[in-house]
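Visitor: Please show me the model. I have some questions about how its chains are built.
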Amino acid sequence: MKQAFVDIPELVTHLAPYLSPADLLSCVQLNSTWNTAFIPFLWRSIDDSIHSWGDILLQITNLRPQPQSPATTTEKAIETTPNNTPVGVRTFDISRHRDSDYNKDRDWLFAIFERYGHHIRELNIQSPLILEAVSRKESCTGLRSLVLGLGTNVNWPRTEYLPLPPPLPQQSLLPILPGLGTLDTPPVVGGSVAVAPSPSADGGMGAAPDLPAFEGFEVAPATVAAHGFDATSVDQVEDPYQEPDVELSDPLFPDHLTLADLIITKRDERVTPESDKARKEYMWTIAQHTWHLIRTNPGLVRIDTSRCYRFYDFGISDDFIFATLRLLKHLKDLNGNDLFKDLHFWRLWDALPAKIESLSIIASLSPSGVFPLPDPLPKVNTSLKVLLAGGSTTVNGLLTLMSIFPNLTRLGLQKVEKNPEYMSNPNSIPLPPSPFGGQYLRKLEGSVEDWETVFHYIPSIVEWDAQGEPLDEDLALLLKDHCPNLESFKQQYPPWFIDERFTAVPDDDPTNQFLITHHHLRVFDSIVNYIKVDEMLREP
Amino acid sequence: MPVILVSSDNQDFKVDKEVAERSILIKNMLEDVGESDSPIPLPNVTAAVLTKVIEYCEHHRNDPVQVPEETDDPRKRSNDIEEWDMKFMQVDQEMLFEIILAANYLDIKPLLDVGCKTVANIIKGKTPEEIRKAFNIVNDFTPEEEAQIKKENEWAEDR
């Protein structure tokens, strides 16, 4: 007898691509066949910034005791005992929460991710609790895409987790740490740990304004020099082999990341020792989970950490980062702003797989962007299509870069200056008579001094985001004549020609002839003129 | 050049080769058999269903062959069924499922897609109980198991 369609998992699976998560949810409840068939699709893509995750996270009980936080956007009641001290376990008005009347706690959340985590292929994390959930038991090892936005503002009210300290003199600069109270205290073996100091009556974070300021250790320049950093830019780096003044808990995943991989900074003088320690411990825990997650997902194709919370108090050693990146043989898209900050570009390049297609490392503090180019020049790479990095160079430098990455379609640099009159640099390459790499470059970001030459040698550019370069009349008219291909021009300052005089006579207005697309007009300040120019442009 | 297809209940269907080759299974069989005129037996497809399948292939005989897109994302839309296909799919549920099974067996991807989209549209917006009723699906979960599954996957609920 032929089986019915609804009983054949292989066929039922064909339906999955057409169903929304809500429909998939209905389907996984139907029976065990459908459950098995649809769970992988339901759990394929997880983004904890959606409202429903926020709701669930707010229901998590057994948090550490929290002081009462001021009223937030939610109307949820925070239960307190009659004399108004905070209660450890928060209960909710259950009737607000659909029909789930079970108590959800942290272990329940962890169990879910243990159960379903291996189906996840795309993960977008804002909450430290979710990060912990996916990392702790290595339940999530099939990731292809990881977006980390820890510390980003999300829709769900975070402040319910946070002890909001009232401004105390020594703590006015303490940043609000998302989810501070929610992380597991790692098992302590012979070290003293306090993740979150227990709240005092005034709700502050272990306020003790009378403690003498800690002297701290001398800053050792050794590590700084080895990585080629300007000593003034990172002025709180300590020698990692010196005993840190803060005792952190033992590593959670000693096979992956140990204290030796850290670069712990001097104690922050502005806060009390307890606060400093708590913050470092928090950062340490987050760092461990983050790197553990990355290292146990060798199938990662895409990593985006551009909205990650900056780990001010310490960093991870470059060698550790490079070793980790070397594990990711399939990585194609790395947006490493923030988590991968301040790395030496070409050492980073060396650690990336050859098939990398998109790289964005705008290290604002790093003195070394892409330039100067190493000597001898790196091997040509035909796979990279998008490069957003820091660094300033000359026109020659730009063209050389294009020859190393001939298939770039989008390039972002800080500044491209004119070639010097007298080129004494033996590495400089004389301008060739014909286009020199960069035949596919469409979008260029950065301020360009000698745009005439640049656009002459790279005529494929149709979009130019000039960042801070002020536009003047001559430039506008010249661009019109020299760069007929230019479709989009964007810059930070409103250009001169948004001016009543010119909008009166459309045909004479150089802007009309110059600008071909509309969308970049949105950068301008003057709304009235924007509308006028925009109307003009719509005329045939 | 006509080809003869034989249904499971021994009915012959004469179709143009071009139409028959919308089925990759038949296409491959024809390539293997070569110039022979012998009819092709399809033991898994009844005459009623085969009629419908042939009708589909006739109507779509000139469609370009679909190339599967190289993408990691399996998600697709189901609101883009063309009008003729929609009318074509207005059959009773049993026939709908039979068509999908046949399209799967005969390897006619566009027909399989249309069939699945149609079924997906039936599922959309329904509660589990409604879906079970619509498709005669037997529930083998205990109420506790079902409640647990629902709770564990609560994040997916529509707000």
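Visitor: How many helices and strands are in chain A?
Guide: The model is predicted; local features need pLDDT of at least 70, side-chain atom pairs count only at pLDDT 80 or more, and totals for chains, interfaces and linings use all residues. Residues are numbered from 1 along each chain as its sequence is written, chains are lettered from A and ligands numbered from 1 in written order, and side-chain values use heavy atoms, with hydrogens and water left out. Helices (H or I, at least four residues) and strands (E, at least two) are DSSP runs, numbered from the N terminus. Chain A has 16 helices and 14 strands.

Visitor: What share of chain A is buried?
Guide: Buried means under 20% relative accessible area, exposed over 50%, and partly exposed in between, with a 1.4 Å probe and protein chains only. Chain A has 540 residues. The buried share is 51%.

Visitor: What share of the contacts in chain A with a separation of 6 or more comes from residues 24 or more positions apart?
Guide: Contact means heavy atoms within 4.5 Å. Pairs 24 or more positions apart are counted against those contacts with a separation of 6 or more. Their share is 68%.

Visitor: Which strand of chain A pairs with β1?
Guide: Two strands pair if DSSP finds at least two bridges between them. Here β1(A), residues 45–47, has 3 bridges to a parallel partner at residues 122–125. Within this pairing, A:S45 sits opposite A:E122. The partner is β2(A).

Visitor: Which helix lies on the path from β2(A) to β3(A)?
Guide: β2(A) and β3(A), residues 145–148, are parallel and share 4 bridges. One facing pair is A:N124 and A:V147. The β-α-β crossover between these strands is right-handed: with the strands pointing away from the viewer, the path from the first strand over the helix to the second runs clockwise. The helix, residues 128–135, is α6 of chain A.

Visitor: Are the residues of β3(A) that point either way buried or exposed?
Guide: A:S145 and A:V147 point one way. A:L146 and A:L148 point the other way. On both faces, these residues are buried.

Visitor: Which residue of β5(A) stands opposite A:S145?
Guide: On the β2(A) side, A:S145 is the bridge partner of A:E122. β3(A) also pairs in parallel with β5(A), residues 302–304, over 3 bridges. There, A:S145 faces A:R302.

Visitor: Why does A:N124 count as buried?
Guide: A:N124 is in β2 of chain A. Leaving out residues up to four places away in sequence, A:N124 touches A:I46, A:D47, A:D48, A:V147 and A:R307. A:N124 counts as buried because its relative accessibility is 18%.

Visitor: Which strands stand at the edges of the open sheet in chain B?
Guide: The sheet has 3 strands in the order β2-β1-β3, with mixed pairing. Each edge strand has a single partner, so one side of each is left without a neighbour in the sheet. The edge strands are β2 (12–16) and β3 (40–41) of chain B.

Visitor: Which residue of β3(B) is the bridge partner of B:L5?
Guide: β1(B), residues 2–6, and β3(B) run parallel, with 2 bridges. B:L5 is bridged to B:I40.
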